[in-house]
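Colleague: I have a model open and would like to learn how to read its features one by one. Could you walk me through it?

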Amino acid sequence: QVQLVESGGGLVQAGGSLRLSCVASGHAFDSYNMAWFRQAPGKERQFVAGVQWNGRATSIIDSGKGRFTISKVNAKNTVYLEMNNLKPEDTAVYYCAADRFVLRPSIERELGEYDSWGQGTQVTVSS
């Protein structure tokens, strides 16, 4: 498994921006698809964005298209989530996750397809 540590969360006003970072340790980071999930109070954890192991393909939830960008820098063992034009409904704890298989050609959106998780970082968007 890969060890993951997120950072970059905080309190921001609606319309503002944040960049979340997730640094990985362990072996073969460059072989794993990576994803960001979020969990709001009282709600299930949901997929937000994913990036293929080589950084060439991404997948973003519909509500994040045009606002969120995910990127993966293998040389830094880091995956980023850039979030712009934030809305109060984006408030949640954001988690970084690594796919349970290496070199998967597709970006999965189901929780069960990821077996390494960070501790989460809180994002709060005020109206």
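Modeller: Sure, we'll go from the overall fold to single residues.

Modeller: Some ground rules: this is a predicted model, where local features need pLDDT of at least 70, side-chain atom pairs count only at pLDDT 80 or more, and totals for chains, interfaces and linings use all residues. Residues are numbered from 1 along each chain as its sequence is written, and side-chain values use heavy atoms, with hydrogens and water left out.

Colleague: How many helices and strands are there in the protein?

Modeller: Helices (H or I, at least four residues) and strands (E, at least two) are DSSP runs, numbered from the N terminus. Here you get zero helices and 11 strands. Along the sequence the pattern reads β-β-β-β-β-β-β-β-β-β-β. The radius of gyration of the protein is 13 Å, close to the 14 Å from the globule rule for 127 residues, so the protein is as compact as a globular protein of that length. That radius is taken over C-alpha atoms, and the rule is 2.2 Å times the number of residues to the power 0.38. As for its extent, the C-alpha trace spans about 40 × 25 × 25 Å along its principal axes.

Colleague: What share of the 127 residues is buried?

Modeller: Buried means under 20% relative accessible area, exposed over 50%, and partly exposed in between (1.4 Å probe, protein chains only). In this protein, buried residues make up 46% of the 127. The accessible surface comes to about 6,200 Å², and 48% of that belongs to carbon and sulfur atoms. Those areas come from the Shrake-Rupley method with a 1.4 Å probe, and for residues only the protein chains shown count as cover.

Colleague: And what about contacts between residues apart in sequence?

Modeller: Contact means heavy atoms within 4.5 Å. Take the contacts with a separation of 6 or more: residues 24 or more positions apart account for 59% of them.

Colleague: Which residues form the aromatic cluster?

Modeller: Start with pairs: rings of Phe, Tyr and Trp (its six-membered ring) pair if their centres lie within 6.5 Å, with planes under 30 degrees apart counted as stacked, over 60 as edge-to-face and the rest as tilted. That rule gives four aromatic pairs here. One of them is F37 with Y114, edge-to-face at 5.3 Å centre to centre and 75° between the planes. This pair links distant parts of the chain, since F37 sits in strand β4 (residues 32-39) and Y114 in strand β10 (residues 114-117), 77 residues apart. F37 and Y114 are both buried, and Y114 has a relative accessibility of 4%. The rings of Y114 and W117 have centres 6.5 Å apart and planes at 65°, so that pair is edge-to-face too. W117 is partly exposed, at 27% relative accessible area. To answer you directly, F37, F47, Y114 and W117 form one aromatic cluster.

Colleague: How should I read backbone phi?

Modeller: Most residues other than glycine have a negative phi. N77 has a positive phi of about 50° although it is not a glycine. You'll find N77 in the loop between β7 (68-73) and β8 (78-83), partly exposed at 23% relative accessibility. N85 also has a positive phi, about 50°, and is not a glycine either. N85 lies in the loop between β8 and β9 (92-102) and is partly exposed, with a relative accessible area of 43%.

Colleague: Where is K76, and is K76 buried or exposed?

Modeller: K76 is in the loop between β7 and β8, and with a relative accessible area of 55% it counts as exposed.

Colleague: Which residues does W53 touch?

Modeller: Leave out residues up to four places away in sequence, and W53 touches D30, S31, Y32, N33, K72, N74, L103 and R104. W53 itself is in the loop between β5 (46-51) and β6 (58-60), and is partly exposed at 27% relative accessible area.

Colleague: And which residues does R100 touch?

Modeller: With residues up to four places away again not counted, R100 touches G112, E113, Y114 and D115. R100 is in strand β9 and is partly exposed, with a relative accessible area of 37%. Notice Y114 on that list: Y114 is also part of the aromatic cluster.
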